[in-house]
Structures are given as structure tokens and as C-alpha cells.
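Let's take a walk through a protein model together. Have a look at the sequence and the 3D view first, then read on.

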Amino acid sequence: PEPLDGLSYFHAQTVSPEKVRLGSGWRVSAPDWKSIPGVKRDYFTRGPAIWSETEGSELSFDFSGTAVGAFLTAGPDAGGLEASVDGGDFMPLELRANYGALHYPYVHPIADDLTNGPHTVKLRVTKVQRNGKPCSAVRIHRLYTNAGYANIPGAGEGRTL
């Protein structure tokens, strides 16, 4: 049957790290989790991540669809992230850091209800204060997109951030 919501995540997919244009300060590798203070969920510390600890670092990628987001790890050293879609203004994305010394994974939407079609996303690291210390760590396990349903009335009529 056709979905009830034309913007459901039925057609979600990940963005290959090879398709991400990394600016200065970004890496694709496993962070040195042993040197990062705090408790970690071991399963999410095994593989590579797209990560930066440098304020102002930018990355960008292209996709086609109706939504985009990031599966990332937040924790006590989590910085901030700003996103720009299709050359629009940078909008802040507050990375969660609500559980003291725990680094934990979660999915953060970047933009949804976009017009179904090609888009460009730019992400930029910002510094935030946590417990009186400046923090700028961003660790992205996967970027995801949603293809949406082009032929369902009302799908992807154009809302960002």
C-alpha cells in the first residue's frame, strides 16, 4: 500500500563518506576514543566516523530527496553544528550533551520537508560552553537522506530547518 505520509523515512539511505567534501579540520577515521574522557557505548566506538574538533571546520555534500540528517555521538565535549541547505543562512543545530560524562549516539535531523529534488548541505563546527569549558567536538557516524515520494500529493512542498 501507499504510505500514509509521503514524507515517511521509508526511502532513507546513508551518504557514503567518499561523497562528502571535507574542509580543513575534518577527518574520516576512528577517533582516539581511549584519550577522550567520559563513558562510551563500545559498539559506537569501533568504526570510522566523520569528525572534527576544530571550530569553523566545514563539510558539504549533495543529495536528492526530501530530508537530511546525521547519526552522531554527543557527549560532554560536544560542540555545536550549523547547517546551510541550498546556500541558505546557517542555522544552529544544538548537539545533545544531557547525560554528564556519557557519550551516546542519536539521530539529529538537519532539514526535512524539502522539495523533492537535488540539494546541497553545508555543515560547520561551532564552539559552545559546557561546564565552563569550550567544546567543539562533532562525531558523525552516518549522514542520511530520504528520497521521499515524488508522486504523492503534498510530499516535499518545501520547508527547511
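## How far to trust it

What you're looking at is a predicted model. The mean pLDDT of the protein chain is 85, with 88% of its residues reaching 70 or more. Among the elements, strand β2 (residues 21–22) has the highest mean pLDDT, at 97, while strand β1 (residues 12–15) has the lowest, at 86.

Then there's the stretch from 150 to 161, where the pLDDT is below 50. Beyond near neighbours in sequence, this stretch has 31 contacts in the model.

## The overall build

How many helices and strands does the protein chain have? The tally is 0 helices and 14 strands. Read along the sequence, then, the pattern is simply β-β-β-β-β-β-β-β-β-β-β-β-β-β.

The protein chain has 161 residues, and 44% of them count as buried. Take the contacts between residues at least 6 apart in sequence: 81% of these join residues at least 24 apart. As for the outside, the accessible surface comes to about 8,600 Å², and carbon and sulfur atoms account for 52% of that.

## The nonpolar core

In soluble globular proteins, nonpolar side chains tend to be buried together. Here, the largest nonpolar core has 28 residues. The ones with the most contacts inside this core are F61, I110, V121, L123, I140 and L143. Which elements give two or more residues to the core? They are β6 (58–65), β7 (67–74), β8 (80–85), β10 (102–111), β11 (117–126) and β14 (138–146).

## Rings that pair up

A pair of aromatic rings is described by the distance of the centres and the angle of the planes. In this model the count comes to 2 aromatic pairs. One of them is F61 with F63: the ring centres are 6.4 Å apart and the planes sit at 40°, so this pair is tilted. Are these two residues buried or exposed? F61 has 0% relative accessibility, so F61 counts as buried. F63 has a relative accessible area of 8%; that is under the 20% cut-off, so F63 is buried too.

Y104 and Y106 also form a tilted aromatic pair, with 6.2 Å from centre to centre and 35° between the planes. Both Y104 and Y106 are buried.

There's another ring worth finding in your viewer, that of F90. R124 lies over the face of F90, at 3.7 Å from the ring centre.

## A glycine with plenty of neighbours

Now find G80, which lies in strand β8. Its relative accessible area is 4%, so G80 is buried. Which residues does G80 touch, leaving out those up to four places away in sequence? The list is L93, L95, R124, V125, T126, V128 and V138. You've already met R124 as the residue over the face of F90.

You can also check G80 against E55. These two are 25 residues apart along the chain, yet 8.8 Å separates their C-alpha atoms.

## An unusual spot in a loop

Last stop: D86, found in the loop between β8 and β9 (91–93). Phi of D86 is near 55°, which is a positive value in a residue other than glycine. Is D86 buried, exposed or something in between? Its relative accessibility is 45%, and the in-between class runs from 20% to 50%, so D86 counts as partly exposed.

Note on methods:
Residues are numbered from 1 along each chain as its sequence is written. This is a predicted model: local features need pLDDT of at least 70, side-chain atom pairs count only at pLDDT 80 or more; totals for chains, interfaces and linings use all residues. Side-chain values use heavy atoms; hydrogens and water are left out. A nonpolar core is a set of buried Ala, Val, Leu, Ile, Met, Phe, Trp, Tyr and Cys residues joined through side-chain atoms within 4.5 Å. Buried means under 20% relative accessible area, exposed over 50%, partly exposed in between (1.4 Å probe, protein chains only). Helices (H or I, at least four residues) and strands (E, at least two) are DSSP runs, numbered from the N terminus. Contact means heavy atoms within 4.5 Å. Accessible areas come from the Shrake-Rupley method with a 1.4 Å probe; for residues, only the protein chains shown count as cover. Rings of Phe, Tyr and Trp (its six-membered ring) pair if their centres lie within 6.5 Å; planes under 30 degrees apart count as stacked, over 60 as edge-to-face and the rest as tilted. A charge sits over a ring if NZ of Lys or CZ of Arg is within 6 Å of the ring centre and within 35 degrees of the ring normal. pLDDT is the predictor's confidence in each residue, from 0 to 100.
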